[in-house]
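Please read the notes below beside the coordinates. They deal with contacts to nucleic acid, contacts between chains, and a few local backbone features.

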There are 2 protein chains.
Amino acid sequence: MADVAREVGVTAKTVSRVLNDEEPVAVETRARVMAAVRKLGYQPNLMARNMRVGARDAAIGLVIPEMGNPFFGTVAGGVESAVRARGLTLIVGSSDETAELEQSLIATFLARRVSGLIVVPAAAGHHRHLRSERMAGLPIVFLDRPAVGLTADCVVSANREGSRAGVAHLLSHGHRRIGFVGDVPATLYTRRERFQGYRDALGGSGLPFDRSLVESGHDVEATALATMRLLALADPPTALFAGNNFASMGAVVALARAGRKDVALVGFDDLPLAEALDPPLTVVAQDPAGVGAAAAELVLARLDGDRSKARRATVPTRLIVRGSGELPPRR
Amino acid sequence: MADVAREVGVTAKTVSRVLNDEEPVAVETRARVMAAVRKLGYQPNLMARNMRVGARDAAIGLVIPEMGNPFFGTVAGGVESAVRARGLTLIVGSSDETAELEQSLIATFLARRVSGLIVVPAAAGHHRHLRSERMAGLPIVFLDRPAVGLTADCVVSANREGSRAGVAHLLSHGHRRIGFVGDVPATLYTRRERFQGYRDALGGSGLPFDRSLVESGHDVEATALATMRLLALADPPTALFAGNNFASMGAVVALARAGRKDVALVGFDDLPLAEALDPPLTVVAQDPAGVGAAAAELVLARLDGDRSKARRATVPTRLIVRGSGELPPRR
DNA sequence: TTGTACGCGTTATCAC
DNA sequence: GTGATAACGCGTACAA
């Protein structure tokens, strides 16, 4: 900046004025400064600017469990678009679903003085340590799962309602024994909510809850085995509801291996290849980009001075009918 | 920092020494400073530190086409792990495959004075504008596709060799008419390389190249239609090679819709549900996390002073045999 | 073992 | 319209 100023024969402050479109600067001076900027290839230093201006970095920190997971990847994409539209930059880190990494990432982001924080809480962990930051006015939004030990903004999918709708769909096709293939641990927020939706639907139809119809696993192979166990029951289910995308894949794999095309299946969360399966997979689709965008908007609103009390936003799900969920009960 | 110093009755410099584990500081002074730090909840400001120390942000900027794409998401995960292990932070942006967004993101990252840059070039675009940065010593690594108009480090998958191996696999199962379902535009680096691998394999078996066996599309629906066109030929292929994951999905969808289980298929790039398909999908798998990690390591090596000339790293692919690629030619 | 003086690149304040 | 000066939060160099 000093170089540019010297080149033009003005002070750094004048260059600063030109670069920030501030008044007043003489038209001619402005032109000469711009010319010098181009000639010298000068680029303003955002770090120094952030430090001087706001004492806050013009960036939003995002912590997700895993970047390779298309759900969280798409969430991150939604966050990024919204954040960039506002001229902010996105800083990300993945917690690998561990509380330690999550804490360390959050600490780093805080040390960088990010303008806002969006966190997908790791399975085990709490967020009491963020109380002081929150009270100091830092926008913090939790995503996909609520915070533990902290009252804060939160954006989640309509897990319970979506799950209820998916199971109700199976019920409306005549199924009375519907298995639930869930993820682990069963204490996970999303797992609990979706399981509640399953029970809501059963209750709504006056059906009893049969604990033997519930099995779990935490990856494709484990949920495939869980599915096999359900199919091997003395009084097996005629339909399955899978509580997340891994469970859906596990169920699909198990049904394919067993050569069973007579078991109805609805999965929570859409899959890229759902349409190519045989039969095509009926799902309760989430809106990951929408969830990400909603979280970002909430942060931005707080940044704009919204001081209302913490709120929970729920992003609707959508039942996509493709075939697997409309199979009739096996006679 | 001044507050902490005042609390203890020392100067800011002493606090700085304690926080950076510098010698010499009296053991007792150190303890008192730490106590004051905790009491006041003081957190060092990384922005100010970065600015003072290196004039560089302790961050790496990553530009990818799309975060929701599992391939690029996993790549980003690989980059992030490697970068974090070094105490650096990851800043990301998605270009949506447009040159404009790519340039604007790069400009933002440069303005932030990132310590290194990793870029997946958008389909149309060039990188001449990065010449000065590169000459100034900024580590820049291109990922998945090489830079255009700039000699720079680059990490790519073994596209040509992997594709050759995939097609050779079909040839070894007796196929003589093998269709190629590619993405568009055909000028894309990965598309060109994989197509060359296809031709290499044909040539290696002394088979002529038949232009009518090549069709393309840029999403699942379009590649499904492309596949249908191949199947409708007077002398149709008995096997298909899909040039990327969308093309694989399109081919799978088309074969499912046509009820054709007699056409062999090998896809480039693995799919989460590949195993659940009927028949399970044989693929040439890439190593996205490996590609990301390799790019990060290259940036870090440059950061450590490696001034050797620009090099291209090639990450091997792996043929995963699952069933669809081992179907015999239809008689 | 600790403190002083200064500088990183930028902008706010107020005088000219 | 423009400039001089100070300040953001921290680290370097050197003196005490």
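The points below start with conventions and then go through the contacts and the backbone.

1. Conventions. This is a predicted model, in which local features need pLDDT of at least 70 and side-chain atom pairs count only at pLDDT 80 or more, while totals for chains, interfaces and linings use all residues. Residues are numbered from 1 along each chain as its sequence is written, chains are lettered from A and ligands numbered from 1 in the order in which they are written, and side-chain values use heavy atoms, with hydrogens and water left out.

2. DNA strand D, surroundings. The strand is surrounded by 24 residues, where near means that a heavy atom of the residue lies within 4 Å of the strand. The closest are A:Thr29, A:Arg52, B:Lys13, B:Tyr42 and B:Arg52. Of the atoms of DNA strand D that come within 4 Å of the protein, 56% belong to sugar and phosphate. By class, this surface has 10 nonpolar, seven polar and seven charged residues; Ala, Val, Leu, Ile, Met, Phe, Trp, Tyr, Cys and Pro count as nonpolar, Asp, Glu, Lys and Arg as charged, and the others, Gly among them, as polar.

3. DNA strand D, elements and polar contacts. Helices H2 (12-19) and H4 (46-53) of chain A and helices H2 (12-19) and H4 (46-53) of chain B each supply at least two residues of the surface near the strand. H4(B) gives the most, with four residues. Helices (H or I, at least four residues) and strands (E, at least two) are DSSP runs, numbered from the N terminus. The polar contacts (N or O atoms within 3.5 Å; within protein, one must be able to donate a hydrogen and the other to accept it, and residues adjacent in sequence count only if both atoms are side-chain atoms) include the side chain of A:Thr29 at 2.5 Å from a phosphate oxygen of DNA strand D. The side chain of B:Asn20 has an N or O atom 3.0 Å from a phosphate oxygen of this strand, and a polar side-chain atom of A:Thr11 lies 2.7 Å from a sugar or linking oxygen.

4. DNA strand C. Among the 24 residues around this strand, A:Asn45, A:Arg52, B:Thr14, B:Thr29 and B:Arg52 come nearest. H4(A) provides the largest share of the surface near DNA strand C, four residues. A base oxygen of DNA strand C is 2.6 Å from a polar side-chain atom of A:Arg52. Phosphate oxygens are approached by the side chain of B:Thr11 at 2.7 Å and by a polar backbone atom of B:Ala26 at 2.8 Å.

5. Start and end of H4(A). A side-chain oxygen of A:Asn45 comes within 2.8 Å of the backbone nitrogen of A:Met47 at the start of this helix. Just after the helix, A:Ala55 has a positive phi of about 65°.

6. Interface of chains A and B. Each chain brings 51 residues to the contact (heavy atoms within 4.5 Å). The buried area is about 4,100 Å², with 62% from carbon and sulfur atoms; this is the accessible area (1.4 Å probe) that two parts lose on being put together, summed over both. A:Met47, A:Arg112 and A:Leu273 supply 18% of the area that chain A buries against chain B, more than any other three residues.

7. Pairing across the interface. Three bridges join S2(A) to strand S2 (residues 89-94) of chain B, and the two run antiparallel (strands pair if DSSP finds at least two bridges between them). A:Leu90 has B:Val92 as its bridge partner. Six salt bridges cross the interface (a side-chain nitrogen of Lys or Arg within 4 Å of a carboxyl oxygen of Asp or Glu). One of them joins A:Lys261 to B:Asp278, with the closest N and O atoms 3.7 Å apart.

8. A salt bridge within chain A. A:Arg86 and A:Asp304 meet at 2.6 Å, N to O. A:Arg86 lies in the loop between H5 and S2 and A:Asp304 in the loop between helix H12 (288-303) and strand S11 (312-315), so the pair ties together parts 218 residues apart in sequence.

9. Backbone. The peptide bond from A:Val184 to A:Pro185 is cis, with omega near -5°, and that from B:Val184 to B:Pro185 is cis, with omega near 0°. A:Pro185 sits in the loop between strand S6 (178-182) and helix H9 (189-204) of chain A. A:Arg113, not a glycine, has a positive phi of about 60°.
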